[in-house]
Amino acid sequence: MTTRGYGDTVVSGGAGELVLMWAGFPLLGAGLGAALTAASGWLAGLPWFPFQGWFKLLARLPDERAYAGGAAALALVGLIVAYLGTRERLTVTVGRAGVRLHRDGHGRDVARAGVAGVFLDGKTLVLLDAEGGELAREKSDLDQGRLRAAFTGQGWPWLEQDPHRAAYRRWVEGLPGLPAGADALLRARQRAVEADRGGEVRELREELGRLGVVVRDDGKRQYWRLVPGQPDRDGDRR
């Protein structure tokens, strides 16, 4: 955790995390590639094992070329994983007047005046407004103690748990209680969750938020609650 100009506190994975990803993943990949190359003759004889063509090719090559090719191929995979991991890193910059959440070249700012509570839902950072709606929900591997210290040190209202946790219900298609249109959005979002389409999952969460529906995930399962005061399908208010 570092502090920048104007008193802002920045929480990120730091340089050590970048070194681990960009040096560790390629080295791990190269080692795995060499090990698989050593076993390529045996693996090429297993019809159920994937990438049969690649292992048959390695088995036919001279040892020096085979080991170089196998190590290089998996090292490249390690570089790709490092690149994707770098893009998914979350940086949280907390100030007295607002917080900036930055990931994958994009940032969003949330003003302190609109935030009534900040808490962690597992590894997910959540910001709530005064009505109980969610202003932000960002998953990360950032240290929880550092996040707590950053927000409390800047005077933000930190909560030890979700005050609306008991209000969530498991989504099952067709069950009553949702506003008009929300069931269809949750159905589409369920398909996106199961297909790991993260951008679509986030977009549909925002659409549901406009209807007064807050969603949290537990694995591939969706749970929902209504923002207090929002009408449900029967016209009642909660």
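This report walks through selected strands, a helix and salt bridges of a predicted model.

## The sheet β6-β7-β8

Three strands form an open sheet in the order β6-β7-β8, with antiparallel pairing. Strands β6 and β8 stand at the edges. Each has a single partner strand, so one side of each is left without a neighbour in the sheet. On average, neighbouring strands here are turned by 15 degrees against each other, direction ignored.

Strand β7 covers residues 124-128 and pairs with β8 over 5 bridges, in the antiparallel sense. One residue pair shows the register: L125 has E138 of β8 as its bridge partner.

## Salt bridges around D121

The structure holds 16 salt bridges. One of them joins D121 and R137, with the closest N and O atoms 3.1 Å apart. This pair links distant parts of the chain. D121 sits in strand β6 (residues 117-121), R137 in strand β8 (residues 134-139), and 16 residues separate them.

D121 also forms a salt bridge with R165, and here the closest N and O atoms are 3.1 Å apart. This link again spans distant parts of the chain, at 44 residues apart. R165 lies in the loop between α5 (144-153) and β9.

How buried or exposed are these residues? The cut-off for buried is under 20% relative accessible area. D121 has 12%, so it is buried. R137 has 15%, so it is buried too. R165 has a relative accessible area of 44%, so it counts as partly exposed.

The links extend further. D121, E134, R137, R165 and R216 are joined in a network of salt bridges.

## Strand β11 and its partners

Strand β11 spans residues 221-226. Of its 6 residues, 5 are buried, so the strand is largely enclosed by the rest of the structure.

Strand β10 (residues 213-218) pairs with β11 in the antiparallel sense, over 6 bridges. Within this pairing, V214 has R225 of β11 as its bridge partner. The hairpin of β10 and β11 has 2 residues between the strands. There, G219 takes a positive phi near 65 degrees.

Strand β9 (residues 169-170) also pairs with β11. The sense is antiparallel, and there are 2 bridges. R170 has Y223 of β11 as its bridge partner.

## Helix α6

Helix α6 covers residues 182-194 and includes R189. Is R189 buried or exposed? Its relative accessibility is 0%, so R189 counts as buried. Neighbours within four places in sequence aside, R189 is in contact with V201, L204, R205, L208, V215, D217 and Q222. Among these contacts, V215 and D217 fall within the residue range of β10. Q222 falls within that of β11.

The helix also carries a salt bridge, in which the side chains of R187 and D183 meet at 3.5 Å, N to O. Why are R187 and D183 separated by about one helical turn? They are 4 residues apart in helix α6, and that spacing gives the turn. The two ends of this bridge are placed in opposite classes of burial: R187 is partly exposed, at 29% relative accessible area, whereas D183 is buried, at 9% relative accessibility.

Definitions and conventions. Residues are numbered from 1 along each chain as its sequence is written. This is a predicted model: local features need pLDDT of at least 70, side-chain atom pairs count only at pLDDT 80 or more; totals for chains, interfaces and linings use all residues. Side-chain values use heavy atoms; hydrogens and water are left out. Buried means under 20% relative accessible area, exposed over 50%, partly exposed in between (1.4 Å probe, protein chains only). Two strands pair if DSSP finds at least two bridges between them. Contact means heavy atoms within 4.5 Å. A salt bridge is a side-chain nitrogen of Lys or Arg within 4 Å of a carboxyl oxygen of Asp or Glu. Axes are lines fitted to C-alpha atoms, for helices over the stretch in contact, and angles run from 0 to 180 degrees between N-to-C directions.
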